[in-house]
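Me: Could you take a close look at one helix for me, and then walk me outward from there? I'd like to know which side faces in, which faces out, and what sits around it.

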Amino acid sequence: MDIKVNFSGRAVKYTEEEIAVVVEAMRNADPLTQGRYLQAFQDKFADYQGVARGACFATMNGVSALEMSAQLCRFKPGDEVVLPSHTFTASAYPYAKKGARILWADVDPRTRVITAESIEKVLTPRTRAVVVVHLYGYVADMPAIMELARKRELLVIEDAAQSIGAEVDGKKSGSFGDMAIFSFHSHKNLTTLGEGGMLYVRDPEAAAVVPALRHNGHCAYDFERPDYWKPAMGNVDMPMLGGDMLWPNNYCLGEVECALGAKMLDRIDAINAEKRARALLFIDALGDFPELEFHRVPTPRHNYHLLAARMTAGPDKRDAFMRAMFHEKGVRCVVQYIPLDRYDFYKRIGRDDAHCPNADAFFDSMISFPFQHWLSDEELHYMLNATKDVLRSLR
Ligand SMILES: Cc1ncc(COP(=O)(O)O)c(C=O)c1O
């Protein structure tokens with residue numbers, strides 16, 4: 001069977017205007033990194049998010065933003081961080097790498113994200129931080145989570161890698177917590193040529209160390225120099241943060257990617273709205289098929305980065321559905337986000353002790369449909385009819 005609808009490795013196709021912006025930056029950017037396009041992207045992103053300018057930092061991908069957020073947590077031995085087990089591995093390992101012990105919180109079976117209740121269940125007196133992942137593009141209940149965090153003095157990091165533009169009560173995902181990270185990877189609704197990311201840091205004192213943290217500890221001398229090349233062209237240092245020294249990195253995003261990122265911010269709301277409208281169309285058209293349970297959200301709280309469903313008839317039916325869709329219909333669905341405690345790596349680091357029955361049950365019965373923005377109407381309708389045919393044949 002030929003593939004008729006593939007799960008694409010890229011989410012969006014660029015417009016001619018976006019391509020022109022890239023070409024312009026290729027021609028004119030000097031330097032090609034750390035210049036005016038980076039500054040412009042960060043400022044425009046902060047404005048889009050409704051947060052302070054100077055609090056957003058473009059990074060070479062979402063992981064480098066996560067790595068720096070983990071450094072800024074300044075974990076001490078024995079500190080713990082709460083994470084959903086149902087997420088992409090990059091949400092978690094940067095925090096373990098910086099010394100935090102991971103506690104796995106379960107997801108809500110309907111929304112597939114963690115809640116204030118599921119977080120509270122796993123907290124101990126050693127818990128310092130919680131990473132809230134807005135998985136699939138749906139924003140967790142941030143007002144309730146922030147209330148809990150303030151009460152229990154927890155740092156909150158939002159993993160908004162998948163949820164750009166999605167919001168709760170008119171407030172953007174990634175603007176609630178103490179920090180947030182975004183990804184502009186190839187799969188995302190906004191992608192800067194395949195790799196890219198953004199770190200948001202609310203505390204101005206912590207934000208002040210990020211430029212040096214992101215770029216090798218490079219900084220200016222704090223005294224007047226008659227000769228600009230002495231003692232050296234620039235200094236290397238790392239400002240102390242709360243008495244702690246942080247190790248520097250080199251995590252910048254190049255100028256061409258930044259130019260494109262800034263331009264794509266003009267279109268991200270339209271991309272999200274188009275994906276949401278299509279998701280609702282697909283979900284509603286399957287209203288007579290209770291075998292599939294979608295998370296239907298007709299508001300900007302969901303950007304439908306991904307279109308995921310649960311096979312209510314269980315894992316065996318899910319596998320039969322996946323096989324028939326692929327071999328008989330040529331539609332390549334995928335299964336995503338095995339709970340991290342089930343990966344060999346997390347077993348190796350001793351973090352395989354999750355008690356997250358909702359995450360396990362959802363993963364074992366989930367289906368993620370191809371849902372790149374550029375899917376044609378014909379492909380969408382073909383996939384819809386194929387889904388109906390296969391579900392009927394499995395009855
Ligand atoms: C939930 C989540 N967190 C983190 C990341 C990491 O982002 P990146 O691939 O840009 O490093 C991704 C995606 O790739 C993701 O989906």
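Reply: Sure, let's start on the outside of α11, where Asp316, Arg323 and His327 are exposed. Keep in mind that this is a predicted model. Flip to the other side of the helix and you get Arg318, Phe321 and Met325, which are buried. Those three cover an arc of only 60° around the axis, so they end up on the same side of α11. The helix itself runs over residues 315–327, 13 residues in total. From first C-alpha to last it reaches 18 Å, close to the 18 Å you'd expect at 1.5 Å a residue.

What do the buried residues pack against? The partners are β13 (307–311), α13 (357–365), β14 (366–369) and α14 (377–393).

That last partner, α14, is worth a look of its own. It has 17 residues and spans 24 Å between its end C-alphas, close to the 24 Å expected at 1.5 Å a residue. Its buried residues are Met383, Thr387 and Leu391. Looking down the axis of α14, you'd see them fall within an arc of 60°, so they line one face of the helix. The face turned away from that buried side carries exposed residues, namely Asp377, Glu378, Asn385, Arg392 and Ser393. As for what covers the buried residues of α14, β14 is included. And β14 is also among the elements that the buried residues of α11 pack against.

Now zoom out. The domain assignment splits the chain into domain 1 (16–264) and domain 2 (268–393). Their C-alpha centres lie 27 Å apart, and 33 residues of domain 1 are in contact with 30 residues of domain 2. On the domain 1 side of that contact, β3 (101–105) and β6 (167–168) each supply at least two residues. By type, the touching residues of domain 1 divide into 17 nonpolar, 10 polar and six charged.

One last stop, if you want a single residue to click on: Val133, in strand β4 (residues 127–133). Is Val133 buried or exposed? It counts as buried, because it has 26 C-beta neighbours inside 10 Å and the cut-off for buried is 20 or more. Leaving out residues up to four places away in sequence, Val133 touches Pro84, Thr87, Ser91, Val113 and Asp159. Take Thr87 from that list: Val133 and Thr87 are 46 residues apart in sequence, yet their C-alphas are 7.2 Å apart in space.

Key. Residues numbered from 1 in each chain as written. Predicted model: local features only at pLDDT ≥ 70, side-chain atom pairs only at ≥ 80, totals over all residues. Helix = DSSP H or I, 4+ residues; strand = E, 2+ residues; numbered from the N terminus. Expected span 1.5 Å × (residues − 1). Buried ≥ 20, exposed ≤ 12 C-beta atoms within 10 Å, placed from the backbone. Arc of directions from axis to C-beta. Contact = placed C-beta atoms within 7 Å. Domains from an automatic or database assignment. Nonpolar A, V, L, I, M, F, W, Y, C, P; charged D, E, K, R; others polar.
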